[in-house]
Amino acid sequence: MTQKKKLQVFVSSTYQDLRAERQAAVEAILTAGHIPAGMELFAAGDQSQMKVIENWIDESDVFLLVLGGRYGSIEPNSGKSYIHLEYEYAVARGKPVFAVVIEEQHRKERIKILGEIAIETENASKLRDFRDQVLGTRLVRFWSDPRDIKLAIHETMAELIRRDDLVGWVPRAQNVDTGALAEQLARLAKENSDLRKIAESSVSVQLYNGLRYEELLDLLRRENFECVPTDDPYDTEFVDMLRGISKWSSQDQPTIRDVVWVLRTQVIPTIQVDWSMKNLRRALRRLEYYGIVTDIDKRGYESQQDSFKITRDGQRFILRLIVEGHRHDSARQEPDA
């Protein structure tokens, strides 16, 4: 019988410098059959930022830290970064914690390539102390490539899934079959090895935020987007368009891919979103997570308006999505020979 137990994994990392690495972590968690969670996945609420974070950590089964060369944004009251507080909270709550930490040599190489975005200039001593704290634990792996992160997650989740104290989500009357799980993980490990070989031999493959077109499209199709009640006319129109796509494609609810399709002509060059546009705001935050748009006027979780613009990868991805859509329509309209 196939293993159906799913664990929710809270992914903690700094933002600007680790987009590709965080994406690799999310992809690996999904591929392994589990559920990724993180603050960038959720819209802001009335609670303080740290309280919301703590609630999501409490509801998660596992805590994953992806640590690079930045300490991150500082929480005013404690003087510690949010990722530091998240890590300490997860440890205090007794959550299984594992970390993937950047190799020192790779950190130096990233600084040469990326510049200031990859180096901690204001809190270097705090970052060193935090890194030492993390390295003092048992479940730590090092990375110098996003693929190292994927492999570390597959191997670590293979260990954690066997723990009886991690209930996760299991359908009623579903028995656990660890043999089938082991077979699945072995298959995933082989696929990971094959992907390494392909990546190393196919440097000309077009990537979008570190992913091939098919990989990113698959992630967008697999993530549902649940619409919430709204009074804003523009937001209502956005929701109606999403629901129209769902009905046309016989889906229960829209996906993030549908969000991209609806917004394909509206995020060039920029789009401004007010607080009242609840669905559109949440949708753009998800597209920001996948590297399709970027917030050019980030004012925090309590801001009343944000301005987004499409990224270079996002523009190329949307253009290809449009081309593939037209190609599909043309093929459907061609008469039979």
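This briefing describes a sheet and two nonpolar cores. The model is a predicted one. Its open sheet has five strands with parallel pairing. The largest nonpolar core has 37 residues, and another core, of 22 residues, lies apart from it.

**The sheet**
- The strands of the open sheet follow the order β2-β1-β3-β4-β5.
- At the edges are β2 (35–37) and β5 (140–143), each of which pairs on one side only.
- On average, neighbouring strands of this sheet are turned by 25 degrees against each other, direction ignored.

**Strand β1 and its partner β2**
- Strand β1 covers residues 8–13 and runs parallel to β2, with three bridges joining the two.
- Gln8 has Ile35 of β2 standing opposite.

**A helix on the sheet**
- Helix α4 (residues 104–114) packs on the sheet, where it touches β4 (97–102) and β5.
- The direction of α4 makes about 55 degrees with that of β4.

**The nonpolar cores**
- In soluble globular proteins, nonpolar side chains tend to be buried together.
- Within the largest nonpolar core, the residues that touch the most other members are Phe238, Val259, Leu263, Leu284, Leu287, Ile292 and Phe317.
- Elements that each supply at least two residues of this core include the helices α1 (19–31), α8 (213–222), α9 (233–248), α10 (256–262), α11 (278–289) and α12 (312–333).
- The strands β8 (270–274) and β10 (305–310) also each supply at least two residues.
- Leaving aside neighbours within four places in sequence, Leu263 is in contact with Phe238, Leu280, Leu284 and Leu287.
- Leu18, Val62, Ile102 and Ile149 are among the 22 residues of the other core.

Note on methods: Residues numbered from 1 in each chain as written. Predicted model: local features only at pLDDT ≥ 70, side-chain atom pairs only at ≥ 80, totals over all residues. Heavy atoms only, no water. Pairing = 2+ DSSP bridges. Helix = DSSP H or I, 4+ residues; strand = E, 2+ residues; numbered from the N terminus. Axes fitted to C-alpha atoms, helices over the stretch in contact; angles between N-to-C directions. Contact = heavy atoms within 4.5 Å. Core = buried A, V, L, I, M, F, W, Y, C linked by side-chain atoms within 4.5 Å. Buried < 20%, exposed > 50% of the residue type's maximum accessible area, 1.4 Å probe, protein only.
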